[in-house]
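Please open the model in your viewer and keep the sequence panel visible. The stops below proceed from single loop residues to the whole chain.

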Amino acid sequence: LQSNIDTLSLNHIARAGFCFNVKNNLLNTNIQYVASGYNQTNYLADAHYNLQLGKNFYFDAKANASKQMAALSMQRYFSAHFIWNNNFKDIVTQNATVSFGSTKYKFTIGAFAQQQQNLIYFDTLALPQQFKENILITRLFVQKDLKLWHIHFNNIINYQQTGSTNIIRLPNILAFSQLYYEAKLFTNNLWLQVGVQARYVSSFEANAYMPATNQFYLQDKNNYGDYVFVDIFFNAQIERFRFFLMAQHINQGFMGDKYILCPNYPMPDRSLKAGLVWMFFD
């Protein structure tokens, strides 16, 4: 049973923004600052810069900074299974993403970095704690789409790491690939797409789940991941009628039983899904 807390969430917020668009340069910035009230001194600022390099290439950069009060459920919680009463500091976060790519040649390469102070996490006892030091998370990503005739081969690879693995556990590698045939047949009356896709998650100490608080918490007993999920899909459309068919996780049983990304919660078994959309117009 939650305790009764009388809180007046009245804030006075100042907002400002700036937009700059000259030739191939586009810059957008926004900022919000809580001048007074329940969330006083909290803020949110972001900036987005895009530069077109000729007709085929672009450079893109995004940055974000925020200071946010800890959620009330992290501060105080009373139930039959868990009780805590904390006085957490505001969470300060900065992150940035830079990327370079081409819409014509269909590729993107980039990097992401996030620094956070006063991060709130749930320890191995499923209780909230605050890590007062800085935590840095970095990620490199590459996306490349290939096409030969009607054959498409799309790929996304992410490599990520953090210096505080005792607080944040992440799979180092996340990858996704699609290989499919796509074409318009019978005088463009039938759109058809059929192929296979695969997702890979490398091994990591995945967080466990606590249903009583609806939160994920740290566990040190087992590693999970290092598994590939393979699906086969079929999509078709004739005028206003669209149909799809997907066989998910068709490789179940061929690579062991390691298809768990959260302790005690295995990913879905092999399944077959189908659906259709038929739009009617008067």
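Select Glu239, which lies in the loop between strand 15 (227–238) and strand 16 (241–248); strands are DSSP runs of E of at least two residues, and helices are runs of H or I of at least four, both numbered from the N terminus. Glu239 is not a glycine, yet its phi is positive, at about 50°. With a relative accessibility of 65%, Glu239 counts as exposed; exposed means over 50% relative accessible area, buried under 20%, and partly exposed in between, with a 1.4 Å probe and protein chains only.

This is a predicted model, in which local features need pLDDT of at least 70 and side-chain atom pairs count only at pLDDT 80 or more, while totals for chains, interfaces and linings use all residues. Residues are numbered from 1 along each chain as its sequence is written, and side-chain values use heavy atoms, with hydrogens and water left out.

Next, select Lys106, in the loop that separates strand 7 (91–102) from strand 8 (107–122). Lys106 is a residue other than glycine with a positive phi, near 55°. Is Lys106 exposed or partly exposed? Its relative accessibility is 39%, so Lys106 counts as partly exposed.

Now move to strand 1 (residues 11–22) and strand 2 (residues 25–37), which run antiparallel and are joined by 12 bridges; two strands pair if DSSP finds at least two bridges between them. Which residue of strand 2 stands opposite Phe18? Select Thr29 to see the partner of Phe18. At the turn of this hairpin there are 2 residues between the strands, and Lys23 takes a positive phi near 55°.

Finally, display the whole protein, which has 1 helix and 17 strands. Its C-alpha atoms fill a box of roughly 65 × 55 × 50 Å along the principal axes. The radius of gyration is 24 Å, whereas a compact globule of 282 residues would have a value near 19 Å; the radius is taken over C-alpha atoms, and the globule rule is 2.2 Å times the number of residues to the power 0.38.

Colour the model by accessibility: 30% of the 282 residues count as buried. Of the contacts with a separation of 6 or more, 51% are between residues 24 or more positions apart, a contact being heavy atoms within 4.5 Å.
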